Protein chains: 2
Amino acid sequence: MFSSLTRRTQLNSQRFSRLFSTQHDERLTRLRQVMTELPKPLDAFVVPSEDAHQSEYTADCDNRRSWISGFTGSAGCAVITSSEAALFTDGRYFLQASQELGPKWKLMKQGIQNVPTWQEYLGSLPTNSNIGIDPSLITAADAKQLKQNLATRGSHLVSISNLVDMVRDDRPSRPSNPVKIHHEKYAGQDHQSKINQLRIALDVRKCQGTVISSLDEIAWLLNLRGSDIHCCPVFFAYCIVTQQETMLYIMNKGRDNLSKNVVEHLNKAGVQLCDYDDVFEDLKETTGQFMIDSNTTSYSILQALGSDRVCDASSWVSDAKAVKNEAELAGIREAHKRDAAAVCRHFAWLTNTLTQGTTIREAEAAIHLEEMRKQDPFYVGLAFDTISGTGPNGAIIHYQPSTINSAIIDPKQVYLCDSGAQYLDGTTDITRTFLFDGQPTDFQKRAFTRVLQAHISIDQAVFPKETTGYQIDSWARQPLWQDGLDYRHGTGHGVGAYLNVHEGPHGIGSRPIYKTKPLKPGMVVTNEPGYYEDGQFGIRIENVLIVQPKAVPYPSETPFYGFEHVTFVPMGRRLLDQTLLTRENREWFNKYHKECRDVLEPLLKGDSATLQWVEQQTETI
Amino acid sequence: MFSSLTRRTQLNSQRFSRLFSTQHDERLTRLRQVMTELPKPLDAFVVPSEDAHQSEYTADCDNRRSWISGFTGSAGCAVITSSEAALFTDGRYFLQASQELGPKWKLMKQGIQNVPTWQEYLGSLPTNSNIGIDPSLITAADAKQLKQNLATRGSHLVSISNLVDMVRDDRPSRPSNPVKIHHEKYAGQDHQSKINQLRIALDVRKCQGTVISSLDEIAWLLNLRGSDIHCCPVFFAYCIVTQQETMLYIMNKGRDNLSKNVVEHLNKAGVQLCDYDDVFEDLKETTGQFMIDSNTTSYSILQALGSDRVCDASSWVSDAKAVKNEAELAGIREAHKRDAAAVCRHFAWLTNTLTQGTTIREAEAAIHLEEMRKQDPFYVGLAFDTISGTGPNGAIIHYQPSTINSAIIDPKQVYLCDSGAQYLDGTTDITRTFLFDGQPTDFQKRAFTRVLQAHISIDQAVFPKETTGYQIDSWARQPLWQDGLDYRHGTGHGVGAYLNVHEGPHGIGSRPIYKTKPLKPGMVVTNEPGYYEDGQFGIRIENVLIVQPKAVPYPSETPFYGFEHVTFVPMGRRLLDQTLLTRENREWFNKYHKECRDVLEPLLKGDSATLQWVEQQTETI
């Protein structure tokens, strides 16, 4: 359904779009009908993209926003009123959303001047409006803020069970796939001691308990992994931890998806199994103060507890999970080395095949890359759907090639590939941008080189303790800004240890939470500046970094930190404008490629084609 | 009372300190007595450094915090309990405060880990404490926050008239110096049209009126200037603007300090004169919603209005004042050129005199610099007391040489001079750091060069619309951080147009407000990174900049901005480590010094000694 390069595909795509949008028109009509038929009719209904666990990626049964609107990106919120249907999303998705949304939908580009947020939009509806929302799909903090804003207009936020689920007759059931133990040799800490530390944190805050709803937090705390959400090794559950007890709320009390081994593993830490659907009723039965992160916990949990029992604090599990221990870091380093070898095998093949004139489609390239990774004995699956975009498709920041009829990769156009995998010992995420053949334009070279300089700027960062990713984000943008260029996404996100590829709470970028989360040794973060020329090409260069203490020439009592990169794949050079590089840039480039060679050569023994590619790609400039 | 270089001065200084601290001990005892004798005794009393107008610099009658504690710096808050006396201040003042505070006082270094803020300190007092404060000396926002925090401990914030004023028998009366018209040729806009614009802003927010308490905002709005506060061209007043009326609350209704001309000037815009002390009673008589910036307006104003009548919004006057118009910018440019010539006359004289072996004390140098500036027909006075520090005194960030017995400037030590003046057409602020003779240490050279690189980094900044000074602050720190160095102050502050040298709301640094105030064309801001080695030397290089639209190689619909520097004084070169400079650094350095020569030569005609100094100091490197 994406724009593509051949006329034939364009026609197909248009026909498909028409069918698609008719279907979505009907869904909209049915939803509006339900809105008016309620005992207390709604003037607007909000459909966020998250599930009840505030997951960024969701299972099919929770894909409410994409089901109603047609927009399939990972971030965005839909608001349906009697006369309008509006979809709010950010710069990563402007192009994709404009292609996927039907004509009945209005795209609201977040971050563009004078475009309201969905909250502001609700505030601009007539006074005394009734605005419905499923309270499990909005955070407690957002709900509180929204209620306050709406109150100034005399409007009400109405908590209601999900209307999209009511009109969605084809809704799949919630998955309940087998849960596996994440072994301590990779986790680096047993689950009992994690629970003990959490109890100490509760004690410090004088809290009786906490409820954890983020799926990756539960997986981390209990050293378990699942596969209920595509590409995310998590399983559907809630977890209540009190000073005395630990309760895991899981589908059918785990009868379908917990093996004897897993049940024993949980027993060892005294974890009781309860039914997924009982969590809200059971929360009402608890007593004492509960520690809740209102920025990541749903409004329905707050409602179940009652706001006077809530002690609002940054999630201890999220903060603890973000700082990886030595075992996790060792796994992450190893996983990235093996992943780099697989990625190089793929790019060597792709380069050779394309320059020999063979036709390869974007989706075929993605599948080949997956095949290379699958050969790893620790491979579990993809960390996200591979972004494989030729020419203009590379400018769609979260592009996914259609499996049916994706574009043919033009070796003379800029090609962007962003991919990652889940291994038992770590999660990878890497983007490379190549030109396989022909001459780049001056502008393409300039943009690529500025992005490279942005990447180097973060890679070489040195900063004192307490510095946040918000503060250094501008270091990456500086080389681009001086040319009048920029990119409409963050510079980096946290990465899980065999967990979600997007992991909080820290990151490098302008999100408000990044202002409050200093970068600490052991944190993992991506470094992925880019540049996108809509309709032309996209460039992004991404490595994964670990925050590390850094020796400085003049040490003081203030610790200084920097980054260790763990991704070792050549960055390409056909797009490089060497005249723009400083001496320091050039030294970094050569040093990095020497490191790549040193890491890759032992892993690629016997694979002469890939070794030759690596050698060419790592020559000194 | 500052540390100085000769043994004799040290002895004098110690004796003086002892006398001083006995006096402050007595004051503390008297204050504590009053605290316990109140009908409702206080467990703590808070003494902020600001006056009722939230002024950074205060008149003698309002110097409550320095009177009680002995600490004379411009920022800090004192808290007195029955058993402790604590002074909270930031990194600029750690050294100065430790030297000025008596032994009964505890210095609380803000920004150092595990050191509580004064608000946190109050929260750590026993539960159910009564904490007294003069509500005119705290902002409405801070009071609200503080009350909420204290409530969780069962403690109370008690509004009370100022206890320091009660025990201070030598309190001078409030000044009421003549007020003058700031002519429209410098202001660029008449006061009636400013008031009209303010009324439109009130109308947009559906407000009936506003009360302005910041003295520089009143001076700007009415195109008037005063001299009630040392170095600040402001006068004591409040101003109420409603849709119908403008009332100026001024000492004795202006009978003592407003000439016939000024009264006519005010009449032209329909401004009514009222008595300074009547403002709170009159506010109680007003009706309708009032627009108030709770971050800059006192709690007592909020109390007079009643919180339900307050529409909290960023101060329109502050925001409008920050963006200078063309007439103001022209004045600022001219004032800085003439100021640069005066500063060069001084530095040429100082260099020649010191290298000839003549003894010059820090205070003498400051006086000579003032003499040079006084020759300007537009000169009004200093913008702040000149910081003139040799060797270790340069490391005291806001150092002022004692007028009685300041240190002798050692030409072989690093000398730091930060100074500025008020001219009818603009306010200047410049810091230069020189070594007059001898060889610098490698570390001194490295630190100077890193500070220069930090300065260049901001001077050359290019950034898109909506970028804040918070975001680019790290650009200045990057060259220092890579060596493990840093400075404990912001990189830049706004500067008034013949108004306060520290002017909000924008700036370059980590203050929370800087995150919310994008840099806009017409804003004036300093660029003053530094490095301070306690007990050794201080380095700072400061120019004044104007935010300007910037042409970029690849223009888009997003405007990009950069800076125009208006300060033209050579930066010194004896401390420069040329091996650390990049090619781009060197080009900037040479270009800047060429500009200095071009600006200065016509202004220094006939002054061969200064011209020779300028020539030497601007040679190409």
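Colleague: Let me start with one residue. Where is B:Asp216 placed in chain B?

Modeller: This is a predicted model, so treat every value as computed from that prediction. B:Asp216 sits in helix α9 of chain B, which covers residues 215-222.

Colleague: Is B:Asp216 buried or exposed?

Modeller: Look at the relative accessible area. Under 20% counts as buried. B:Asp216 has 9%, so it is buried.

Colleague: Which residues is B:Asp216 in contact with, leaving aside its neighbours within four places in sequence?

Modeller: There are contacts with B:Val234, B:Lys321, B:Leu499, B:Asn500 and B:Glu503.

Colleague: Now the two chains. By what turn and shift can chain B be laid on chain A?

Modeller: Superpose one copy on the other, then read off the movement. Here the turn is 180° and the shift along the axis is 0.0 Å, with an RMSD of 0.0 Å. The two copies are therefore related as by a two-fold rotation axis. The same surface serves both copies, as 97% of the contact residues of chain B recur in chain A.

Colleague: Which residue of chain B comes closest to the rotation axis?

Modeller: That is B:Gln471, with its C-alpha at 3.0 Å from the axis.

Colleague: How many residues of each chain are in contact with the other chain?

Modeller: Contacts involve 29 residues of chain B and 29 residues of chain A. The area buried between the chains is about 2,600 Å². Carbon and sulfur atoms give 59% of that area. B:Trp475, B:Trp481 and B:Tyr554 supply 27% of what chain B buries against chain A, more than any other three residues.

Colleague: What does the UniProt annotation cover in chain A?

Modeller: An unreviewed UniProt entry annotates residues 331-548 of chain A as "domain: Peptidase M24". In the model, that span is 32% helix and 24% strand. Its end C-alpha atoms lie 16 Å apart.

Colleague: Next, a sheet. In what order do the three strands of the open sheet β15-β18-β19 in chain A run, and which are the edge strands?

Modeller: Follow the pairing from strand to strand. The order in chain A is β15-β18-β19, with antiparallel pairing. The edge strands are β15 (379-382) and β19 (426-427) of chain A, since each pairs on one side only. β15(A) pairs with β18(A), residues 421-423, over three bridges. A:Leu382 stands opposite A:Ala421 in β18(A).

Colleague: Which helices lie across these strands of chain A?

Modeller: Helix α14 (residues 326-355) of chain A lies across β18 and β19 of chain A, at about 130° to β18(A). Helix α15 (residues 362-374) of chain A lies across β15 and β18 of chain A, at about 165° to β15(A).

Colleague: What about backbone geometry? Which peptide bond in chain A is cis?

Modeller: First the general idea. Most peptide bonds are trans, and most residues other than glycine have a negative phi. In chain A, a cis bond joins A:Gly504 and A:Pro505, with omega about 0°. A:Pro505 lies in strand β23 (residues 503-508) of chain A. In chain B, the bond from B:Gly504 to B:Pro505 is cis, with omega near 0°. B:Pro505 is in strand β23 (residues 503-508) of chain B.

Colleague: And positive phi? What is the phi of A:Asn252, and what is that of B:Lys206?

Modeller: A:Asn252 has a phi of about 50° although it is not a glycine. A:Asn252 lies in the loop between β11 (246-250) and α10 (260-268) of chain A. With a relative accessible area of 32%, A:Asn252 is partly exposed. B:Lys206 has a phi of about 55°, and is not a glycine either. B:Lys206 is in the loop between α8 (191-204) and β8 (209-212) of chain B. B:Lys206 is exposed, with a relative accessible area of 71%.

Notes. Residues are numbered from 1 along each chain as its sequence is written. Chains are lettered from A and ligands numbered from 1 in the order in which they are written. This is a predicted model: local features need pLDDT of at least 70, side-chain atom pairs count only at pLDDT 80 or more; totals for chains, interfaces and linings use all residues. Side-chain values use heavy atoms; hydrogens and water are left out. Helices (H or I, at least four residues) and strands (E, at least two) are DSSP runs, numbered from the N terminus. Buried means under 20% relative accessible area, exposed over 50%, partly exposed in between (1.4 Å probe, protein chains only). Contact means heavy atoms within 4.5 Å. Copies are superposed by least squares on the C-alpha atoms of residues with pLDDT of at least 70 in both. UniProt positions are given in the numbering used here, feature names are shortened, and annotations may be inferred rather than shown by experiment. Two strands pair if DSSP finds at least two bridges between them. Axes are lines fitted to C-alpha atoms, for helices over the stretch in contact, and angles run from 0 to 180 degrees between N-to-C directions. Buried area is the accessible area (1.4 Å probe) that two parts lose on being put together, summed over both.
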